[in-house]
Amino acid sequence: VQLQASGGGLVQAGGSLRLSCAASGSIFAINAMGWYRQAPGKQRDLVAVITSGGSINYADSLKGRFTISRDNVKNTVYLQMNNLKVEDTAVYYCVAGFTLLDVKRRPEYWGQGTQVTVSS
């Protein structure tokens, strides 16, 4: 399984960005896709996860500002990030796994990271 993420960049605080991640390869068993992020000097944390059936989990601190969605035909997951804050600055990683719980605990597949930088 290959995960190709895009959409990162530099944005001012209060702005918005949308990340995209397309899955390819042996994806027939992949049910859950999502995003993690890692800020400088910190551990990687779950941002959000979504299943092919539409079940969604968010990190509690991000509810209301971030929205995850998925196009099952395109095998693509999106992360709409609104009202961005400086503390959202991180490398964002696309992830995939067999179940929602897998992705929350230890995703089977990781894409390359995409940098999101929020300036004050």
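Let us start inside the protein, at strand β8, which covers residues 76–81. Five of the six residues of this strand are buried, so β8 is largely enclosed by the rest of the structure. Here "buried" means a relative accessible area under 20%, "exposed" means over 50%, and "partly exposed" is in between, using a 1.4 Å probe and protein chains only. A strand is a DSSP run of E with at least two residues, a helix is a run of H or I with at least four residues, and both are numbered from the N terminus.

Before going on, a word about what you are looking at: this is a predicted model, in which local features need pLDDT of at least 70 and side-chain atom pairs count only at pLDDT 80 or more, while totals for chains, interfaces and linings use all residues. Residues are numbered from 1 along each chain as its sequence is written, and side-chain values use heavy atoms, with hydrogens and water left out.

Which strands pair with β8? Strand β3 (residues 17–24) pairs with β8 in the antiparallel sense over six bridges, and strand β7 (residues 66–71) is also joined to β8 by six bridges, again antiparallel. Two strands count as paired if DSSP finds at least two bridges between them. You can find M81 of β8 from either partner: L17 stands opposite M81, and F66 stands opposite M81 too. Strands β7 and β8 also form a hairpin, with four residues between them. In the turn, N75 has a positive phi of about 50°.

Now zoom in on one residue of this strand, Y78, which lies in β8. Is Y78 buried or exposed? Its relative accessible area is 14%, so Y78 is buried. Across the hairpin, S69 stands opposite Y78. If we leave aside neighbours within four places in sequence, Y78 is in contact with R18, L19, S20, W35, T67, I68, S69 and D71. Contact means heavy atoms within 4.5 Å. For a sense of distance, Y78 and Y58 are 20 residues apart in sequence and 13 Å apart in space, C-alpha to C-alpha.

Step back a little and the sheet around β8 comes into view. It is an open sheet of four strands in the order β1-β3-β8-β7, with antiparallel pairing. The edge strands are β1 (2–6) and β7, each of which pairs on one side only. Neighbouring strands of this sheet are turned by 15° against each other on average, direction ignored. Such angles compare axes, which are lines fitted to C-alpha atoms (for helices over the stretch in contact), and they run from 0 to 180 degrees between N-to-C directions.

There is another open sheet to visit, with six strands in the order β2-β10-β9-β4-β5-β6 and mixed pairing. Strands β2 (9–12) and β6 (56–58) stand at its edges, each with a single partner strand, so one side of each is left without a neighbour in the sheet. Here neighbouring strands are turned by 25° against each other on average, direction ignored. Within this sheet, seven bridges join β4 (residues 32–38) to β9, and the two run antiparallel. Look for M33, which stands opposite A96 in β9.

How many disulfides does a search of the whole structure find? The search finds one, a disulfide being a pair of cysteine sulfur atoms within 2.5 Å. It joins C21 to C94, with 1.9 Å from S to S. C21 lies in strand β3 and C94 in strand β9 (residues 90–97), so the pair ties together parts that are 73 residues apart in sequence. Both C21 and C94 are buried. The torsion about their S-S bond is about -85°, so the disulfide is left-handed.

Finally, take in the whole protein. Its secondary structure comes to one helix and 10 strands, following the pattern β-β-β-β-β-β-β-β-β-α-β along the sequence. The radius of gyration is 13 Å, close to the 14 Å that the globule rule gives for 120 residues, so the protein is as compact as a globular protein of that length. This radius is taken over C-alpha atoms, and the globule rule is 2.2 Å times the number of residues to the power 0.38. Of the 120 residues, 42% count as buried. Residues 24 or more positions apart account for 56% of the contacts with a separation of 6 or more.
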